[in-house]
Amino acid sequence: MKLTFSKGTLTTIKADSIIVLTFSDEKLLKETAQKLDKVLNGQVSTIISAGDFKGKEKEIAVLYPSNSNLKAKRIILVGIGERDKINLEKIRRSVAVASKKAQSLKSETIAIEFPDYSLLKDKINETLDYIAQAIAEGSVLALYKFDKYLTDEERKNRKVKEVILFVEKDSKEIKEGVRVADIVCSAVYFARDLANAPANEIYPETLAKAAVNSGKKYGFKVKVLGKPEIEKLGMGGLLGVNSGSAKPPRFIIMEYNGNPRSKERYVIVGKGITFDSGGISLKPAQGMDEMKMDMSGAAAVIATMEAVARLELPVNLVGLVPATENMPGGSAYKPGDILKTYSGKTIEVDNTDAEGRIILADALGYAQKYNPTAIIDLATLTGACVVALGYFATGMFGNDEKLMEEIKKAGEKTYERVWQLPTWEEYDQLIKSDVADVKNTGGRWAGAITAAKFLEKFVGNYPWVHLDIAGTAMLDKEYDYQPKGGSGVGVRLLVEFFRNKAQKK
Ligand code: BES
Ligand code: MN
Ligand code: ZN
């Protein structure tokens with residue numbers, strides 16, 4: 001799908017659908033009506049006076065031109081509510097709902113009129129280019145569909161070929177917002193595609209291939225370690241989890257050096273369990289299919305590498321992905337096993353379904369070799385995190401308040417929001433082992449926290465943040481600009497975080 005900027009007006013833009021945003025305030029709604037009435041023969045005033053359209057958030061009216069000079073088939077008018085209460089997320093969502101309406105009407109081109117900036121700028125504390133980025137993202141992210149396995153053309157409703165953001169005067173800022181949105185959205189699509197792909201398509205070898213291809217295309221280095229090299233490095237955690245699978249593991253190392261003169265270097269780590277059956281501590285059948293998305297952290301990391309490289313951000317970034325299935329084969333690791341990790345620390349396996357933290361132990365140990373400025377890991381780590389926060393917040397844990405504050409800020413801006421949970425030392429006793437350095441479960445309570453405490457043992461003294469995306473990465477149903485299934489969460493958050501890092505140079 002193409003995302004472009006165009007200079008134009010309601011009457012000059014050619015598109016199947018034009019989306020026009022309007023506030024609900026009486027005076028502003030009236031102004032919208034006056035503007036549209038000219039090209040729609042008074043229809044908008046008519047529907048407003050009939051009480052059929054009020055401009056409330058996500059409220060929609062589809063209007064058809066009758067003998068007017070419009071080059072578009074229809075105008076989709078969408079409300080964004082009261083001006084006093086406007087924020088970026090309301091705009092994203094309204095644009096999303098209108099875009100899906102246009103898609104359902106089989107539009108191939110959708111043009112969105114950029115709203116009057118003078119009415120936004122005192123209410124939304126963001127730059128013009130970021131507002132443009134948010135509008136474009138609201139549309140493109142909403143139009144995603146995982147339809148590559150559908151053979152019935154009618155059911156493939158991804159008909160939209162182009163989304164155009166237009167405004168009367170040329171605007172460098174809006175153009176820039178559209179450029180960034182295009183890269184970010186295509187990275188989010190990439191992450192969603194990887195997550196939604198079934199486990200018979202995406203397994204360690206093919207996940208690594210996807211990273212290699214992206215690196216080749218967009219200019220970052222990718223090195224893939226196979227089983228013999230993983231053995232040589234002594235990654236007993238990754239090998240232990242892998243032992244029940246017929247498919248060998250991979251350890252994916254990605255590097256992007258956008259600022260060679262700087263000594264700062266960030267390492268991002270993603271959990272890459274391409275299918276989590278639970279292993280010998282087998283999961284119940286119901287819902288097990290969702291565990292094809294247990295590599296959503298890995299997907300976010302690979303897609304973020306892609307976006308950061310395409311944006312040519314002046315930061316140094318390493319992406320690490322330990323990848324394996326978690327299967328209950330005859331040679332599978334078992335409860336009671338003790339594994340020796342890359343760092344030398346030992347793990348008592350209490351439950352083979354707490355496998356994510358085990359493979360992350362190796363990756364976090366490996367991360368230290370880069371002497372990182374900070375380590376950020378993303379993982380669909382615990383059901384307990386979903387119980388605590390549901391689908392609307394990523395659980396955040398860490399050892400560095402400043403770093404967490406920066407991630408929180410990026411989360412609020414992108415609306416990939418995070419919520420901090422404690423990592424107090426009292427929780428340590430829950431993962432004490434009698435026979436190894438640490439145990440991989442912490443009992444019934446505070447499951448998301450004990451998982452984070454486990455990871456903390458493997459990050460050394462480096463600033464570190466752990467993001468538990470178990471709830472936010474895989475959605476139970478469709479939301480405004482998020483489809484059911486893989487959400488691609490983490491990509492927009494991390495890109496925003498690294499853009500802020502770049503600006504501080
Ligand atoms: N991948 C799961 C966590 C998960 C659950 C992600 C639901 C998304 C939705 C993880 O590997 C797991 O199985 N965790 C266990 C840990 C337990 C055995 C200590 C869990 O949360 O039940
Ligand atoms: Mn598991
Ligand atoms: Zn898992």
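Begin with the whole chain in view: the centres of domain 1 and domain 2, taken over C-alpha atoms, are separated by 37 Å. The model is a predicted one. To colour the two parts, select residues 2-167 for domain 1 and residues 189-503 for domain 2, as the domain assignment of the chain gives them.

**The contact between the domains**

Display next the residues at which the domains touch: domain 1 contributes 20 residues to the contact and domain 2 contributes 18. About 1,800 Å² is buried between domain 1 and domain 2, and carbon and sulfur atoms give 51% of that area. On the side of domain 1, select Leu-141, Tyr-144 and Phe-146. These residues lose the most area to domain 2, and together they make up 34% of what the domain 1 side buries.

Turn then to the polar side of the interface. Six salt bridges are found by the rule across the interface of domain 1 and domain 2. For a salt bridge to inspect in the model, select Lys-58 and Asp-480, whose closest N and O atoms lie 2.9 Å apart. Polar contacts across the interface of domain 1 and domain 2 amount to 16 residue pairs, with both residues at pLDDT 80 or more.

Which helices of domain 1 should be selected here? Both α3 (88-104) and α4 (128-142) supply at least two residues each to the side of domain 1 that touches domain 2. Helix α4 accounts for the largest share of that side, with seven residues.

**The sheet**

Now hide the side chains and show the strands as ribbons. Six strands make up an open sheet of mixed pairing, and crossing it one meets β1, β6, β5, β2, β4 and β3 in that order. Select residues 2-7 and 60-63 to mark the edge strands, β1 and β3 respectively, each of which pairs on one side only. From one strand to the next, the twist averages 25 degrees.

Within the sheet, select residues 109-113 and 162-167, which are strands β5 and β6. In which sense do β5 and β6 pair, and over how many bridges? The pairing of β5 with β6 is parallel and extends over five bridges. To place one residue pair in this region, label Ile-110 and its bridge partner in β6, Val-163.

**The helix on the sheet**

As a last stop, select residues 172-196, helix α5, which packs on the sheet and touches β1 and β6. Viewed together with β1, helix α5 has a direction that makes about 175 degrees with that of the strand.

Key
Residues numbered from 1 in each chain as written. Chains lettered and ligands numbered in written order. Predicted model: local features only at pLDDT ≥ 70, side-chain atom pairs only at ≥ 80, totals over all residues. Heavy atoms only, no water. Pairing = 2+ DSSP bridges. Helix = DSSP H or I, 4+ residues; strand = E, 2+ residues; numbered from the N terminus. Axes fitted to C-alpha atoms, helices over the stretch in contact; angles between N-to-C directions. Contact = heavy atoms within 4.5 Å. Domains from an automatic or database assignment. Buried area = accessible area lost by both parts, 1.4 Å probe. Salt bridge = Lys/Arg side-chain N within 4 Å of Asp/Glu carboxyl O. Polar contact = N/O pair within 3.5 Å; in protein donor to acceptor, adjacent residues only side chain to side chain.
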